[in-house]
Amino acid sequence: MTCKQLRLWWIMVVFLAPIASAQTPADTMTFTAAEFYQAILQHHPLVRQAALLPAEAQEDVRQARGAFDPKLFSAYDRKEFGQSLYYQKWQSGLSVPVLPAGIDVKVTYDQNRGEFVNPEDRVPSSGLAAVGISVPIGRGLVIDARRSTLRQAQLAVTLADADRLKLINKTLFDAAKTYWEWYLAYQQYSLIREGYQLADTRFAAIRERALLGDAAAIDTTEALISAQDRLVMQQQAEVALQNARLRVTAFLWASDETGSLPQAVDMPQTIVPQVASQEPANEATLENLLNRAAEQHPDLLKLTIKGQQLAIEERFRRSLLQPQLVLNASLLSRTPVAGTGYDWSSYYAFRSDNHKIGVDLTFPLFLRKERGKLRQVQIKAKQLDLERQQTSRVIANDVQAIWNELKALNRQIAVQQQTVLNQQTLLRAEQDKFDMGESSLFLVNSRETKLIDLRVKLEELRTKYQKAVASLWYAAGSNLG
């Protein structure tokens with residue numbers, strides 16, 4: 001087990017462990033976005049459901065292969081009337097389809113007797129054995145309905161894999177947005193709580209000064225109003241944080257390797273989100289994502305596979321325009337009598353003289369049904385090509401648009417960081433002036449409130465940036481996991 005896996009496992013254990021008592025902020029532990037995504041990939045029900053899609057498609061392949069299963073058959077028919085055995089017919093055999101060429105191999109045994117058996121159905125007393133094949137000469141030689149169904153089912157496995165990837169991408173995309181909303185709620189709560197603590201401390205200090213006569217009594221009222229206002233804001237931020245935490249918890253599940261159903265996991269209050277990191281955007285990353293989208297995007301993969309399925313269907317429909325000519329040929333032999341060996345030199349043994357040959361020919365004169373089906377498949381293929389062109393362009397435009405947003409957010413964050421630094425300078429200067437009696441408490445509170453608002457806005461921009469990163473990967477058909 002790697003260090004990263006060990007850390008993730010430890011976090012999941014902490015999730016399941018009951019919290020016996022309230023803990024201080026020093027006891028908090030960071031739950032990074034990467035660990036969050038990894039936990040979802042390992043345990044989330046939707047991800048595990050997505051993993052079943054290819055397995056389901058494999059069962060469709062199994063069903064399609066069933067058309068090539070060998071078959072045992074037997075038919076018995078008897079008629080007796082007026083104390084006379086009119087006939088007793090019994091045929092048993094084995095039919096074995098051959099996948100590559102569409103040939104059917106057939107082995108039969110006939111045992112017919114009675115007073116009124118049709119002369120062509122008469123067989124030796126020990127029975128008649130036959131070994132033959134059925135070969136399509138025209139239609140069905142290159143491809144037939146069985147092989148077309150099988151090949152399309154095999155392609156459907158890749159189609160299901162694209163659906164699996166799409167469902168996983170959507171789940172992680174939703175999880176990423178939820179995680180960074182939790183981060184924003186946590187940062188807002190922390191900043192507002194810090195502001196309330198400052199206001200409360202200032203109120204206590206001014207009240208002491210007012211009691212000593214160093215400050216006006218009205219200043220205590222203003223300091224109290226400021227503290228009360230920020231207390232209300234803190235309470236609102238606390239509720240928002242609790243709700244955001246609940247939304248994150250909805251993505252957390254625990255499971256074992258036995259295949260049992262995942263169990264919901266609760267996240268204790270001591271778990272906090274990571275600090276938002278910001279990587280500079282470069283054109284190489286954009287080019288890589290565009291190439292990845294063109295090659296691996298689930299929507300494009302699905303359209304490509306559907307196009308391949310239509311190509312197989314078109315090939316099959318074209319084969320139906322050919323005459324249906326089937327050659328049936330069998331070698332015949334009298335079966336040996338019980339207790340005696342098979343006599344290969346016998347006149348009635350398997351030899352070229354003992355055979356049965358048949359030819360079946362079918363050919364519709366106008367082929368309207370076949371030509372109509374073929375044209376429908378060709379139209380669908382053309383529609384699919386046009387849809388793939390449009391989808392490809394939409395995906396590329398979405399990736400480029402989100403990339404432009406990322407670059408803009410980079411610049412906005414840089415400006416906002418400088419704005420926060422400037423506001424901190426103003427606040428320190430105003431505090432110094434207030435300490436010297438050259439400013440008012442109202443101005444200090446205003447500067448401080450403005451600083452809190454600017455810092456919250458900075459965190460909002462960082463949250464938008466992280467959401468944009470998740471949107472960029474999702475638009476490119478990938479995920480952050």
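**Entry 1: the largest nonpolar core.** I began with the largest nonpolar core of this predicted model, and I noted that it has 32 residues. Those with the most contacts inside it are Phe 36, Tyr 37, Ile 40, Trp 180, Trp 182 and Met 267. I then looked up which elements build this core, and found that β1 (29–31), α2 (33–43), α3 (45–65), α4 (145–212) and α5 (217–249) each supply at least two of its residues. The most comes from α4, which gives 12 residues.

**Entry 2: one residue of that core.** Next I picked Trp 182 and asked which residues it touches, leaving aside those up to four places away in sequence. I wrote down Leu 241, Ala 244, Arg 245, Val 248, Met 267, Ile 271, Val 272 and Pro 273.

**Entry 3: another core.** Apart from the largest core I found another, of 29 residues, and I noted Ala 223, Trp 403, Leu 454 and Ala 468 among them.

**Entry 4: α5 beside α9.** I then turned to the pair formed by α5 and helix α9 (residues 441–475), whose axes come within 10 Å and cross at roughly 15°. Angles under 35 degrees count as roughly parallel, so I entered α5 as roughly parallel to α9. I also recorded that the crossing of these two helices, α5 and α9, is right-handed.

**Entry 5: where the two helices meet.** On the α5 side I listed Asp 219, Glu 222, Ala 223, Ser 226 and Arg 230, which meet Leu 441, Phe 442, Asn 445, Glu 448, Thr 449 and Ile 452 in α9. Sorting this contact of α5 with α9 by class, I have four nonpolar, three polar and four charged residues.

Conventions: Residues numbered from 1 in each chain as written. Predicted model: local features only at pLDDT ≥ 70, side-chain atom pairs only at ≥ 80, totals over all residues. Heavy atoms only, no water. Core = buried A, V, L, I, M, F, W, Y, C linked by side-chain atoms within 4.5 Å. Buried < 20%, exposed > 50% of the residue type's maximum accessible area, 1.4 Å probe, protein only. Helix = DSSP H or I, 4+ residues; strand = E, 2+ residues; numbered from the N terminus. Contact = heavy atoms within 4.5 Å. Axes fitted to C-alpha atoms, helices over the stretch in contact; angles between N-to-C directions. Parallel < 35°, antiparallel > 145°, perpendicular 65-115°, else oblique. Left-handed = near helix turned anticlockwise from the far one by under 90°. Nonpolar A, V, L, I, M, F, W, Y, C, P; charged D, E, K, R; others polar.
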